[in-house]
Amino acid sequence: MRDRVFSDPNRQIVDFAFDSEVVAVFPDMIRRSVPGYETMIPVTGLIAANHLGSSGRAHDLGCSLGATTLAILQNNPSEDIQVVGVDNSPDMISQARRVISDNRAVFVEADIRDHEVTGADVVVLNLVLQFIDPDDRLALLTRLYREMAPGGMILLSEKVANSDEKRHRFFDETHLAWKRANGYSDLEVSAKREALENVMRIDTEEAHVKRLKEAGFSEIQQWYRCLNWASFLAIV
Ligand code: GEK
């Protein structure tokens, strides 16, 4: 279904929420809003699937409709792997359960700050840390580091800020042009921006790398960048 969530000029701007209205259009919304999403997800799936081997366990935190969960499963044929998808939106989780029938996937409705990943070989945080209170981010990563299996891999994708103002503006303006080229009107672009303002707070690439290090992770690598979106991996 086509995303028209922010197309009504009379809509009251309230904070963005992952409710049933958003869930119904989510695949279209994310594909037209996040540059590089259609590369970021399959490649995350491939890297995670290879790291799992024949019997690993992955957690896909902030899984939404399970796009990354599915990408992992499609790249690993073993019957003995498991992927746990976690999201705190009841609408997302019930729709993920409806659309993904692979019995190696389990979906859990929970806040990722409370969800244990004990012994995990892979933990994915794709476009979710940006919605977590900045004061909780280091504690979350530190706990994930402690709970994951030795040699485990964390895969993190986020919208990022640039410390260089000129560079940030260039990427930001290109992103807006890309959204318009994908059929969003100026009204839709600005209304969504306003709705996201209080709920999505982004960090620089440097801040992400520093925080991963502080949490205990090593071998930190940035493996992807498209405009203001970046993907990292790191090892326990
Ligand atoms: C994908 N990874 O398609 N606990 C659990 N879930 C949360 C929390 C929280 N505290 N806060 C937000 N979410 C997905 C895309 S979308 C990104 C992730 C976006 C969930 C929220 O309900 C939503 O489903 C997801 O994080 C963010 O690869 O829409 O920009």
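## Arg143, the ligand shell and salt bridges

Leaving aside neighbours within four places in sequence, Arg143 contacts Ile112, Arg113, Asp114, His115, Glu116 and Val117, where contact means heavy atoms within 4.5 Å. The structure is a predicted model, in which local features need pLDDT of at least 70 and side-chain atom pairs count only at pLDDT 80 or more, while totals for chains, interfaces and linings use all residues. Residues are numbered from 1 along each chain as its sequence is written, and side-chain values use heavy atoms, with hydrogens and water left out.

Arg143 belongs to helix H5 (residues 134-147); helices (H or I, at least four residues) and strands (E, at least two) are DSSP runs, numbered from the N terminus. Its side chain reaches the backbone oxygen of His115 at 2.9 Å. This is a polar contact, defined as a pair of N or O atoms within 3.5 Å; within protein, one must be able to donate a hydrogen and the other to accept it, and residues adjacent in sequence count only if both atoms are side-chain atoms. Between Arg143 and Val117, which are 26 residues apart along the chain, the C-alpha separation is 9.0 Å. Arg143 has a relative accessible area of 18% and is therefore buried. The classes are buried under 20% relative accessible area, exposed over 50%, and partly exposed in between (1.4 Å probe, protein chains only).

The ligand is surrounded by 23 residues, and the closest are Tyr37, Gly62, Ser64, Asp87 and Asn126. A residue counts as near the ligand if one of its heavy atoms lies within 4 Å of it. By type, the shell divides into 14 nonpolar, six polar and three charged residues. Here Ala, Val, Leu, Ile, Met, Phe, Trp, Tyr, Cys and Pro count as nonpolar, Asp, Glu, Lys and Arg as charged, and the others, Gly among them, as polar. Helices H1 (20-33), H2 (37-52) and H3 (67-74) each supply at least two residues of this shell.

Polar backbone atoms of two residues approach nitrogen atoms of the ligand: Gly62 at 2.8 Å and Ile112 at 3.0 Å. The protein buries 94% of the 660 Å² that the ligand exposes when taken alone, with areas from the Shrake-Rupley method and a 1.4 Å probe. A polar side-chain atom of Thr68 lies 3.3 Å from an oxygen atom of the ligand.

The model has eleven salt bridges, each a side-chain nitrogen of Lys or Arg within 4 Å of a carboxyl oxygen of Asp or Glu. Three of the pairs are given below.

| Pair | Closest N to O distance |
|---|---|
| Arg104 and Asp102 | 2.9 Å |
| Arg169 and Glu165 | 3.9 Å |
| Glu205 and Arg225 | 2.8 Å |

The pair Glu205 and Arg225 links distant parts of the chain, 20 residues apart, with Glu205 in helix H8 (residues 205-215) and Arg225 in strand E7 (residues 218-226). Glu205 is buried at 13% relative accessibility, whereas Arg225 is partly exposed at 22%.

Arg169 and Glu165 both lie in helix H6 (residues 165-181), four residues apart, or about one turn of the helix. Arg169 is partly exposed, with a relative accessibility of 42%.

In the remaining pair of the table, Arg104 is buried at 8% relative accessibility, and Asp102 is partly exposed at 25%. Elsewhere, a network of salt bridges links Asp28, Arg31 and Arg32.
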